[in-house]
Amino acid sequence: MATLLKRPLKLALVQLATGSDKSANLSRARSRVLEAAQQGASLIVLPECFNSPYGCQYFPKYAETLLPSPPSKGKAPSFHALSDLAKEANAYLLGGSIPEYETTSDKYFNTSLMFNPKGELIATHRKVHLFDIDIPGKITFKESEILSPGNKLTMVDLPEYGRIALAICYDIRFPELAMIAARKQCFLLLYPGAFNLTTGALHWSLQARARAMDNQVYVGLCSPARDMEASYNAWGHSMVVDPDAAVMTEAGENEEIVYADLTDDKIQETRKGIPLQGQRRFDVYPDVSNGKITFEEG
């Protein structure tokens with residue numbers, strides 16, 4: 001079997017507590033990311049909407065203009081904070097997500113930015129599946145009232161380690177993204193996400209374990225910390241799941257950092273024991289990874 005993860009990788013998920021002050025959020029993120037780096041993490045993840053409160057009423061106020069890239073500091077302070085922080089931490093940094101405003105289309109997006117240890121932008125993912133749900137008596141939320149969806153699957157090569165895939169929150173409910181990424185040799189699927197107290201209790205852990213089990217890869221879910229005084233209450237419980245669908249580490253509800261050591265040996269062991277890769281019947285059903293796939297925004 002092909003090696004997917006070239007050498008062991010220490011992953012850190014920063015379950016950040018955020019508030020209404022963007023500058024304070026960025027400062028808090030810096031402190032916790034540097035803490036993770038000091039603990040030896042070489043890939044560090046922040047949660048969805050780490051620089052702002054989560055909610056349709058907040059997206060326009062906190063949105064930053066990212067294009068053309070690189071943007072100015074005045075238009076995109078979070079972009080530059082992440083770039084500087086990745087360099088300072090000497091680590092790969094996935095900036096959870098931030099609200100983005102695109103001037104050419106007059107549209108808002110929920111956007112992840114990933115930087116390498118030199119502070120260079122190496123990947124951008126706009127949330128593909130918008131969080132539009134209505135569970136009577138519990139929660140109604142419609143991101144599409146403000147946001148537009150992204151139009152691409154996002155994978156990025158980390159030269160020292162291998163290939164990973166990026167998506168955001170509600171994207172995890174659509175297994176096609178994960179299946180394609182795994183069949184394109186990704187060893188890790190990362191989902192910054194802000195499930196709530198209803199959907200989190202129902203499906204947070206289940207979704208993480210299902211994507212790992214189906215694809216025999218590592219999965220990381222990074223949530224904001226829970227704030228019961230906020231208008232939207234995040235679930236918390238950031239977690240890393242191994243290729244056997246076992247939970248390696250899980251946060252509680254409050255701000256904390258959780259770590260996991262990823263190895264290729266675990267991927268190989270899992271796939272050798274249950275060899276799904278050689279047992280799929282593409283003569284009976286189609287291989288979604290060979291279909292029409294969009295890797296660029298259009």
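Modeller: A cavity is a set of grid points where a 1.4 Å probe fits but cannot get out, and a lining residue has an atom within 4 Å of such a point. Keep in mind that this is a predicted model.

Biologist: Okay, so which residues line the second largest cavity?

Modeller: Phe-131, Cys-169, Tyr-170, Arg-173, Ala-194, Phe-195, Thr-199 and Tyr-232. Around them sits a volume of about 40 Å³.

Biologist: What makes one of those lining residues count as charged?

Modeller: Asp, Glu, Lys and Arg count as charged, and Arg-173 is in the lining, so that is the one charged residue, alongside six nonpolar and one polar.

Biologist: And what is the lining of the largest cavity like?

Modeller: That lining has 10 nonpolar residues, two polar and no charged. The space is about 80 Å³.

Biologist: Why is the Arg-30 and Glu-88 pair called a salt bridge?

Modeller: The cut-off is 4 Å between a side-chain nitrogen of Lys or Arg and a carboxyl oxygen of Asp or Glu. Here the closest N and O atoms are 2.5 Å apart, so the pair qualifies. Arg-30 is in helix H1 and Glu-88 in helix H3, 58 residues apart in the chain.

Biologist: Why is Arg-30 called partly exposed?

Modeller: Buried means under 20% and exposed means over 50%. Arg-30 has 40%, so it falls in between. Glu-88 has 43%, so it is partly exposed too.

Biologist: What about Asp-283, buried or exposed?

Modeller: Its relative accessible area is 60%, which is over 50%, so Asp-283 is exposed. Asp-283 also meets Arg-281 in a salt bridge, at 2.8 Å from N to O.

Key
Residues are numbered from 1 along each chain as its sequence is written. This is a predicted model: local features need pLDDT of at least 70, side-chain atom pairs count only at pLDDT 80 or more; totals for chains, interfaces and linings use all residues. Side-chain values use heavy atoms; hydrogens and water are left out. On a 1 Å grid over the protein atoms alone, a cavity is a set of points where a 1.4 Å probe fits but cannot get out, and a pocket is an open set with protein on both sides within 12 Å along at least five of seven lines; lining residues have an atom within 4 Å of a point. Grid points are joined across faces, edges and corners, and a volume is the space filled by probe spheres set on the points. Helices (H or I, at least four residues) and strands (E, at least two) are DSSP runs, numbered from the N terminus. Buried means under 20% relative accessible area, exposed over 50%, partly exposed in between (1.4 Å probe, protein chains only).
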